[in-house]
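Student: Could you take me through one spot in this model up close? I'd like the burial and the contacts around it, with the cut-offs spelled out.

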Amino acid sequence: EVVIGGDGYMGVAYGDNGNPIFATTDTSADQVPAGSGNNFSNYSFVYDLDVDFKVSGTSDSGLTFGASGDFDDLGASQGARGWDNSIFISGDFGTLTMGDIDGGAENVIGDLAGVGLSGLGDFNENLFLLGAGAQPAGPVARYDYAISGLTLSLGLSDDAGYNIGAGYATDLFSVGAAYEAVADGATITIFDIDALGSTGSTAITATAPDGASQVIGAASVTFANVTLKGIYGRIDVDGTNIDTVDQYGVSAAAAFGAASVSAYYRAITTDFKTAGTPDNDFEAYGLGVAYDLGGGLALEAGVAQADSDLAADALTVADFGVSIDF
Amino acid sequence: EVVIGGDGYMGVAYGDNGNPIFATTDTSADQVPAGSGNNFSNYSFVYDLDVDFKVSGTSDSGLTFGASGDFDDLGASQGARGWDNSIFISGDFGTLTMGDIDGGAENVIGDLAGVGLSGLGDFNENLFLLGAGAQPAGPVARYDYAISGLTLSLGLSDDAGYNIGAGYATDLFSVGAAYEAVADGATITIFDIDALGSTGSTAITATAPDGASQVIGAASVTFANVTLKGIYGRIDVDGTNIDTVDQYGVSAAAAFGAASVSAYYRAITTDFKTAGTPDNDFEAYGLGVAYDLGGGLALEAGVAQADSDLAADALTVADFGVSIDF
Amino acid sequence: EVVIGGDGYMGVAYGDNGNPIFATTDTSADQVPAGSGNNFSNYSFVYDLDVDFKVSGTSDSGLTFGASGDFDDLGASQGARGWDNSIFISGDFGTLTMGDIDGGAENVIGDLAGVGLSGLGDFNENLFLLGAGAQPAGPVARYDYAISGLTLSLGLSDDAGYNIGAGYATDLFSVGAAYEAVADGATITIFDIDALGSTGSTAITATAPDGASQVIGAASVTFANVTLKGIYGRIDVDGTNIDTVDQYGVSAAAAFGAASVSAYYRAITTDFKTAGTPDNDFEAYGLGVAYDLGGGLALEAGVAQADSDLAADALTVADFGVSIDF
């Protein structure tokens with residue numbers, strides 16, 4: 001059985017001038033810096049439309065299997081080295097999933113609560129070392145086993161490494177911990193500061209000759225329709241001038257009838273081994289509200305602010321509009 | 001609810017040698033000019049297949065909303081700066097639509113009647129200054145309000161400008177008028193003569209330092225299954241060596257049981273300010289016939305001729321085949 | 001009516017080091033040769049997911065028509081020179097199909113039985129001179145007529161040439177013969193040895209100034225759930241240093257309840273006119289097994305070996321995993 005669905009949004013966003021997410025080919029927009037030939041808008045229409053599919057089936061012996069994904073990703077799902085979207089098979093042994101999926105760490109830790117119509121830079125998303133990459137880096141494979149609220153999750157990415165996570169959840173609270181190990185010589189992106197609004201690329205990537213690892217934990221508690229969540233993770237990058245990367249953050253999400261609000265605070269500190277190279281501190285805040293109009297239609301709005309020692313200026317972005325779900 | 005449908009055609013087309021729409025990678029085809037390494041066919045199979053989706057929903061308070069588009073366009077619909085396909089929300093306040101949609105001018109003016117299986121260069125389509133562009137130029141937003149045969153339509157494109165149209169229609173006739181204004185510094189394509197058959201690019205584009213505008217009107221009358229339509233538009237491009245661009249045309253479409261015929265005549269005159277630069281006159285004619293076989297299958301044939309002072313030769317193209325609609 | 005379905009697989013594959021199908025962007029994988037900067041895996045996750053559509057309709061007079069294809073191919077199906085996926089119309093006159101389809105030769109000759117989860121290089125597929133190409137080479141058109149077990153099939157590819165095939169099939173056996181003629185000046189790929197595992201490209205392509213042709217025949221016999229098939233073809237390339245290309249092969253496929261096995265042997269010999277240029281001999285073997293778990297789920301495994309005089313080493317690849325069909 002194949003079920004077709006999807007979601008989308010349309011609205012407007014505001015951003016500081018010179019923020020790359022507002023770069024435009026409209027030559028009537030302001031140039032930042034003046035005369036640079038790079039045009040930026042202070043505002044922009046924001047728009048997104050996804051159509052997705054969900055396939056499910058059952059074998060003669062009762063194994064369940066299926067696939068899911070977005071139609072626009074099917075091109076990258078092709079061939080023996082395809083990777084996008086996902087396929088799963090599930091039984092008493094647990095669940096095996098392959099494709100463009102969360103690894104074992106991301107599966108139990110997850111992200112902080114998001115804000116806004118468009119995600120506003122998705123600064124609520126945690127850093128993980130392993131994920132599905134462009135071909136021919138291939139898909140991620142993950143094995144999950146769940147019993148009585150406990151989830152064990154093991155992720156593998158061809159040559160790049162593995163991660164493992166364990167979580168325990170009740171209606172009232174959840175805790176999770178995970179470990180990621182990247183193989184010697186793998187290239188990882190520690191932090192992509194482009195999203196912060198710098199016009200030049202100041203992403204921190206590293207080819208770690210002696211590998212890299214992360215230990216990360218999360219906890220959440222839910223009461224009176226409010227969910228609080230906190231995470232802390234430490235990334236070690238061996239054999240490079242980066243010593244450690246610490247990430248931590250908290251979020252709150254609450255629902256009051258048809259209305260809901262969410263907020264997060266996050267920080268990432270990169271500590272360099274080289275004497276005289278100062279730490280790079282990144283901080284982000286976000287606040288979002290939504291109102292469910294029923295039938296799949298909702299009003300959503302949000303604002304986010306982010307700052308980094310490597311970016312010239314702090315960034316403020318905000319958006320507002322309607323989202324649809326079908 | 002998601003409804004899947006689509007259309008397509010298969011057939012053959014004839015064109016003058018050296019016409020770029022008949023350029024081919026088949027090295028056995030004639031080279032034009034001889035020895036140039038550019039291969040052209042005098043005939044070609046023509047083929048097109050679209051699969052599309054239409055989504056509709058209703059909120060608790062009775063607002064209707066939805067989305068529509070082609071599956072092959074979903075890649076460009078992604079992300080906060082996506083633009084392809086479209087999303088709408090509609091209520092007593094009117095209808096708000098965003099995506100790769102007609103602006104306010106195109107919505108009330110439309111095109112002349114088309115001909116042929118493949119469109120044969122689509123010379124029946126009128127010129128409009130504003131439309132949805134490649135990312136990151138983003139989507140077009142349009143607001144429509146309709147009451148008692150009257151339609152008001154306002155289109156906006158991020159930084160590039162706006163257009164507004166008003167139309168009135170009965171079963172017997174329709175009239176429409178629209179105004180478009182492009183912001184200072186916007187780049188617009190006045191006329192893309194590539195489609196005419198020149199092997200070199202002779203498109204007329206302009207970055208208008210002082211903006212550009214168009215006034216355009218259309219009228220149609222329907223009697224005895226025949227619809228006649230006429231349009232006239234004048235584009236002003238400030239601060240460039242182009243003075244005005246005049247476009248006008250007429251078309252007729254008639255249905256006789258399962259058979260139908262259509263024809264158009266169009267002309268575009270570009271007037272340059274520079275002394276000694278002669279006007280560029282473009283003219284196109286088209287004639288098409290179709291026969292509906294029922295169930296979504298039809299036979300279609302057409303011929304079109306176009307000529308421009310900037311093209312070496314006049315172009316004649318013709319096609320024939322079957323179209324399907326599902 | 002539009003019916004949505006599809007298939008996919010997930011598993012693991014093993015291959016000799018330095019085989020391009022195991023090339024990876026993972027910098028932690030071995031470099032072959034050492035220090036070359038080209039990373040290869042000895043193993044790889046293999047993954048593929050296709051979602052497809054099948055459209056069918058009937059005209060008022062009883063003609064049937066339709067379209068079929070994969071959603072990920074719809075981008076190349078667009079416009080007058082689209083070519084991917086396919087459209088057909090069928091009646092007493094026979095069936096006319098256009099798109100990315102088998103030509104008249106491939107339609108009656110087919111391929112040998114395949115092996116493995118991912119196809120393992122698809123060395124079981126026969127060589128044909130004509131097929132649908134990238135735009136603007138356009139679609140292939142084919143006319144088929146079938147009566148009492150006899151099939152006639154004529155394929156045409158814009159400028160590049162034509163092919164014609166005739167087959168006769170009963171429940172017990174089938175025979176088929178076909179002829180392909182490529183126009184003077186067409187560029188054809190005789191053999192693409194890249195798939196064999198060489199890190200440099202050693203594909204044999206030829207622009208045949210005086211055309212090229214192939215005569216190819218196939219026969220199969222089925223008894224006690226076992227199907228044996230054999231093919232032989234000879235390609236003549238006029239006006240180049242290639243004299244003839246001979247391809248031949250045999251395959252066996254058998255089903256035992258839910259289990260099935262398949263195997264093939266293939267050889268391609270390229271004979272050069274130039275004195276002193278030795279023949280290039282290519283050989284491949286494959287063996288596959290599958291077990292149907294019901295409901296569309298199956299276990300599949302295979303191994304293939306291939307060797308060519310133009311490749312440094314023989315290639316061995318193997319894979320194992322689950323496939324889904326929905």
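Tutor: Sure, let's zoom in on A:Asp319, which is buried at a relative accessible area of 4% (buried means under 20%, using a 1.4 Å probe and protein chains only). Before going on, a word on the ground rules: this is a predicted model, where local features need pLDDT of at least 70 and side-chain atom pairs count only at pLDDT 80 or more, while totals for chains, interfaces and linings use all residues. Residues are numbered from 1 along each chain as its sequence is written, chains are lettered from A and ligands numbered from 1 in the order in which they are written, and side-chain values use heavy atoms, with hydrogens and water left out.

Back to our aspartate: A:Asp319 sits in strand β20 of chain A, residues 315-325 (strands are DSSP runs of E, at least two residues, numbered from the N terminus). Its side chain makes a 2.7 Å polar contact with the side chain of A:Ser118, and the side chain of A:Asp319 also reaches the backbone nitrogen of A:Leu117 at 3.0 Å. A polar contact here is a pair of N or O atoms within 3.5 Å; within protein, one must be able to donate a hydrogen and the other to accept it, and residues adjacent in sequence count only if both atoms are side-chain atoms.

What else does A:Asp319 touch? Leaving out residues up to four places away in sequence, the list runs through A:Val12, A:Ala13, A:Gly116, A:Leu117, A:Ser118, A:Gly119, A:Leu120, A:Glu300, A:Ala301 and A:Gly302, with contact meaning heavy atoms within 4.5 Å.

As for chain A's meeting with chain C, 48 residues of chain A are in contact with 35 of chain C, and the count of residue pairs in polar contact between them, both at pLDDT 80 or more, is eight.

Conventions. Helix = DSSP H or I, 4+ residues; strand = E, 2+ residues; numbered from the N terminus. Buried < 20%, exposed > 50% of the residue type's maximum accessible area, 1.4 Å probe, protein only.
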